[in-house]
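Subject: A structure to look at

Dear colleague,

I am handing over the structure below, and I would be glad if you read these notes with the sequence beside you. Please take them slowly, one region after another.

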Amino acid sequence: MTPEGGIPVSATKPVVLIAEELSPATVEALGPDFEIRQTDGADRAKLLAQLPEADAVLIRSATKMDQEAIAAASRLKVIARAGVGLDNVDTKAATQAGVMVVNAPTSNILSAAELTCGHILGVARNIAPANRALKAGEWKRSKYSGVELYEKKLGIIGLGRIGTLVAERMKSFGMEILAYDPFVTSARAAQIGAQLVELDELLAQADFITIHMPKTPETVGMISDAQFETMKDTAYVINVARGGLIDEDALARALESGAIGGAAIDVFSTEPATDLDFFAYDNAVVTPHLGASTAEAQEKAGISVAKSVRLALAGELVPDAVNVAGGVIHPDVRPGIPLAEKLGRILTALTAGDSLTAVELVVAGEIADKDVKSLQLAALKGLFTDVVSDQVSYVNAPVLAEQRGIETRLTTTPESPAYRNTVTLKGATSDGTQVSVSGTLTGPKQIQKVVGIDGYDLEVTMAEHLLVFRYTDRPGVIGTIGQVLGEQGVNIAGMDVSRQVEGGEAMAILTLDATLPAGVAQQVGEAIGAAKVAGIDLED
């Protein structure tokens with residue numbers, strides 16, 4: 001059984017290895033269900049010695065969870081990075097091993113935005129070099145005169161969450177906002193108060209340029225010699241996003257030649273960085289990757305990944321899992337996840353003894369235009385839950401299907417005549433048999449219902465204990481079933497029968513108050529001459 005909001009009960013608690021210093025709130029958010037262990041993740045030998053017994057590992061940026069570390073962690077189910085960047089996690093190796101990788105994508109956005117604003121103010125008024133000079137006994141007011149931000153142009157490269165926060169804050173200084181982002185519409189930019197322009201135009205016009213792009217092969221070195229030459233010789237460049245977006249050697253050349261007015265850099269291609277060439281210039285302000293280094297951001301990151309660890313070890317879908325297709329789950333889609341998982345388990349029971357070759361999930365209705373990949377993952381997880389000895393997760397379920405040669409497909413359609421939304425899981429077996437089960441959610445309380453099996457229309461509320469059978473329609477069948485179950489002390493809670501023609505084949509589904517004793521489903525099938533019978537237990 002799984003306690004509400006908790007992990008499956010077992011003889012021993014799952015081990016959560018905390019490999020770096022995290023806020024006390026992180027441990028508090030994990031709760032009492034885990035055995036918490038500590039290690040120094042930067043010490044490779046200590047890390048590798050602790051990993052074999054870890055079910056989850058919590059890290060920041062100093063711990064490298066590469067292929068070697070993942071291979072050493074045979075029990076590992078989730079790697080949780082208390083922060084945004086995942087440069088120190090081999091996500092591909094984790095996925096191949098069936099290990100979920102989660103981060104805290106929104107934990108530091110406010111802190112990073114505020115540091116960006118601080119750097120803009122700092123370079124505009126020469127705060128850092130003036131501070132150094134005065135502490136060295138030099139009073140140089142004229143040397144460190146600066147510029148006002150009022151009516152200056154701020155160029156934001158990447159108008160995502162952090163870029164938007166920066167725009168909103170710097171508008172209060174009277175700055176004109178230019179933005180470049182190929183994935184943002186002009187209408188959206190206008191809502192933020194920014195003018196969308198091409199990159200070259202932004203570089204040529206902006207007085208301050210801040211970059212907020214992800215680090216990809218396409219964005220590494222996107223600001224280099226040519227881009228510096230395009231800028232005003234009074235322009236300032238700020239990078240609090242990812243190291244490597246700005247070519248560090250080219251930045252040194254730009255500062256040396258006076259191609260730009262200065263720079264403020266918080267992130268570097270290789271960290272820690274203490275002696276890069278551009279550090280020598282007075283108009284280069286550098287900080288040691290402080291974007292997320294606030295008490296608030298660290299606490300938010302720790303609490304966020306602690307919640308994700310709880311979900312992952314409970315076998316639930318984790319919205320912040322980066323190696324689970326589907327990303328953030330739409331609120332209209334989320335209630336269907338447990339339904340889809342149960343449909344997977346029902347399909348497995350209906351095909352017992354038969355080898356599946358293909359599985360298709362059909363999502364119909366109003367949610368068909370949403371991202372419903374998470375429903376497919378849930379259905380696959382359910383499909384293997386009762387047939388695989390290892391723990392099945394939303395990460396390794398697609399891998400299990402691939403290993404077994406099961407073709408998977410996801411289909412969506414807005415047409416759902418009978419219900420607002422339906423989810424249908426179809427399976428094809430090696431002998432050519434087609435099997436299907438459909439479900440829906442009804443009413444304000446989103447009640448889970450089974451509404452179809454093998455093309456027969458049915459409607460019963462989903463229950464932990466089900467009995468499904470196909471038989472020849474004739475009088476006395478239901479009475480016989482009731483008698484057999486009554487003799488075994490099993491009460492029928494609900495029932496629906498569907499037939500296509502009188503006297504032809506009929507499909508029935510019963511909800512029961514208890515698990516069927518071993519052999520009773522077969523006994524029912526023999527008593528009524530059923531063509532198909534399946535006792536299904538969905539209890540965790």
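This is a predicted model, and a good place to begin is helix α7, residues 161–170, whose buried residues are Gly163, Thr164, Leu165, Val166, Ala167 and Met170. Among the elements that cover these buried residues of α7 are two helices, α5 (109–124) and α8 (186–192), as well as the strands β6 (153–157), β7 (176–180) and β9 (208–211).

Closer to the start of the numbering, strand β1 (residues 15–18) pairs with strand β2 (residues 35–38) in the parallel sense, over 4 bridges. Between these two strands the chain passes through helix α1 (residues 24–30), and this β-α-β crossover is right-handed. If you would like one pair to find on screen, Val16 has Ile36 in β2 as its bridge partner.

Further along there is an open sheet of 4 strands, which pair antiparallel in the order β20-β21-β19-β22. Its edge strands, β20 (492–499) and β22 (532–537), each pair on one side only, and neighbouring strands of the sheet are turned against each other by 10° on average, with direction ignored. Within this sheet, β19 (residues 465–472) and β21 (residues 505–512) run antiparallel and are joined by 7 bridges, and Phe469 has Ala508 in β21 as its bridge partner.

Two helices belong in this picture as well. Helix α16 (residues 477–487) packs on the sheet, where it touches β19, β20 and β21, and its direction makes about 145° with that of β19. Helix α13 (residues 336–350), in turn, lies across β19 and β22, and runs at about 140° to β22.

With best wishes

Note on methods:
Residues are numbered from 1 along each chain as its sequence is written. This is a predicted model: local features need pLDDT of at least 70, side-chain atom pairs count only at pLDDT 80 or more; totals for chains, interfaces and linings use all residues. Side-chain values use heavy atoms; hydrogens and water are left out. Buried means under 20% relative accessible area, exposed over 50%, partly exposed in between (1.4 Å probe, protein chains only). Contact means heavy atoms within 4.5 Å. Two strands pair if DSSP finds at least two bridges between them. A crossover is right-handed if, with the strands pointing away from the viewer, the path from the first strand over the helix to the second runs clockwise. Axes are lines fitted to C-alpha atoms, for helices over the stretch in contact, and angles run from 0 to 180 degrees between N-to-C directions.
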